[in-house]
Amino acid sequence: MKTTKMKLLTKLILLSFAVSLVTLGWKSDVQTGGGKRLYKPNEVGEFTVFNINNVRIPLDNKGVIADVDPGDGIGAGGTFANIVFLFSGGFYLSGQDGSTLWGNGVLSASRIEDYQPGPVGSNQNDSKNKVYVVRVQDRAFGDSWQEWKDAVSIGADFYDGDGDGVYNPTDLNGNGSWDANEDRPDLIGDWTAWCVYNDGIPAALKRFTAVPPKGIEIHQTVFGFASKGVVGNMMFVRYRLINKGTKADKFTNVYFSAAVDPDLGDPNDDLVGCDTTLSAGYVYNDADDPTYGSAPPAFLMDFFQGPIVYKNGYSFTDVDGDGVYTEGVDTPLKTAYNVGGRVKGIKEFKGAYNLPLTSFTQYMQSHPTHGDPNTHLELRNYMIGGHGKNGDSLYVSKWTFGNGATLGADTSKIPAH
Ligand SMILES: [Ca+2]
Ligand SMILES: [Ca+2]
Ligand SMILES: [Ca+2]
Ligand SMILES: [Ca+2]
């Protein structure tokens, strides 16, 4: 579980293009096929399948990654080179509503599924509340571009070529191809899947029965690149977190974690760690793997782009002393980035920075002090980092790892390489 801390989750979008979370990077001797391959995914609305090069990961329309059976004969689980490496993936979110702590998330392996399809207040069974998929090879202005209108109606982004503020995918000059002054879906990379879900599952039906819905809506964009090399074995996930304000105008001390239950072939010889300079957590085998063989892959999960934050004295110098970044007056010390893909490009935010990884925690299903979180308070301890679920300070840093007898290894004593 990897965490980044956000100061506020305000009534409107705070995390526009916030966190590209699950970046799957592979280092492996497994045959990569030697070229561009982009498979046609299997999709039936409630789910789809990311399927590029050697990576295949089913996804549903309520935030579950990998632990979804798309009925393709292969079954649930994220696979690399046709072997499961990822049992289940998702996220955790925790914050304060006044002085009251709350927490929720999606990690089916821990029996936490607090989100339902669609925007806050919508009927989760509405056929619009599905996974929308666009591919680079789709015909310009064709079916997938037209269907994206439904996605836009529930919050999806688009490229507004004609600048009228409305998504109207029309071939204005009739040349049969897209031009820069024409609208198009928010296709990032070669394959993009978008859906929206909200934390509307009633408290009584959740593992954390003390946490009622908080009016949180998440726009999830998953994309990938059918390229040679390591990028072709990555899946990107962009989470946009929105407080719709139905329960509180503002949440404070909000933390977000990417969470996974990896099974790298045989899970019994898997080890984990994190890299604070990359803002990444990873899973690797102790040596060979009974299923993958002598050259098993590793699995890296990277906070590619954290939330954009302005911090007085760190990301800018507050020359006019008003406490906030003032364009043209204050001195920017850092620059944050918002990567929007080939068409939208990269936006720069001078005077701001992208929040990095702030903790890394491992827990084990039935471990008495480091097992599945049973309450939002236990989850909170994990997300802050450096604690067991009961809040003990067994660990000496927020970058915890270890297993069994080595639980709580002192990471500060590990020599730098
Ligand atoms: Ca338009
Ligand atoms: Ca055109
Ligand atoms: Ca293994
Ligand atoms: Ca200022």
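The paragraphs below go through the nonpolar cores, a small sheet and one helix of this predicted model. Local features are described where pLDDT is at least 70 and side-chain atom pairs count only at pLDDT 80 or more, while totals for chains, interfaces and linings use all residues. Residues are numbered from 1 along each chain as its sequence is written.

The largest nonpolar core (a set of buried Ala, Val, Leu, Ile, Met, Phe, Trp, Tyr and Cys residues joined through C-beta atoms within 7 Å) has 79 residues, and those with the most contacts inside it are Phe50, Leu59 and Tyr132. Its largest share, 7 residues, comes from strand E16 (residues 251–262); strands (E, at least two residues) and helices (H or I, at least four) are DSSP runs numbered from the N terminus. A second, separate core of 6 residues includes Val309, Ala336, Ala352 and Tyr353.

Strands of a sheet pair through backbone hydrogen bonds, either parallel or antiparallel. Here an open sheet of 3 strands runs in the order E17-E18-E19 with antiparallel pairing, where two strands pair if DSSP finds at least two bridges between them. Its edge strands, E17 (270–275) and E19 (299–302), each pair on one side only. E17 and E18 (residues 280–285) are joined over 6 bridges, and Val272 stands opposite Val283 in E18.

Helix H3 (residues 376–384) is mostly covered, with 7 of its 9 residues buried, a residue being buried if 20 or more other C-beta atoms, placed from the backbone, lie within 10 Å of its own, exposed if 12 or fewer, and partly exposed in between. Among the buried residues are Glu378, Arg380 and Tyr382. Just after H3, Gly385 takes a positive phi of about 95°.

Definitions and conventions:
Chains are lettered from A and ligands numbered from 1 in the order in which they are written.
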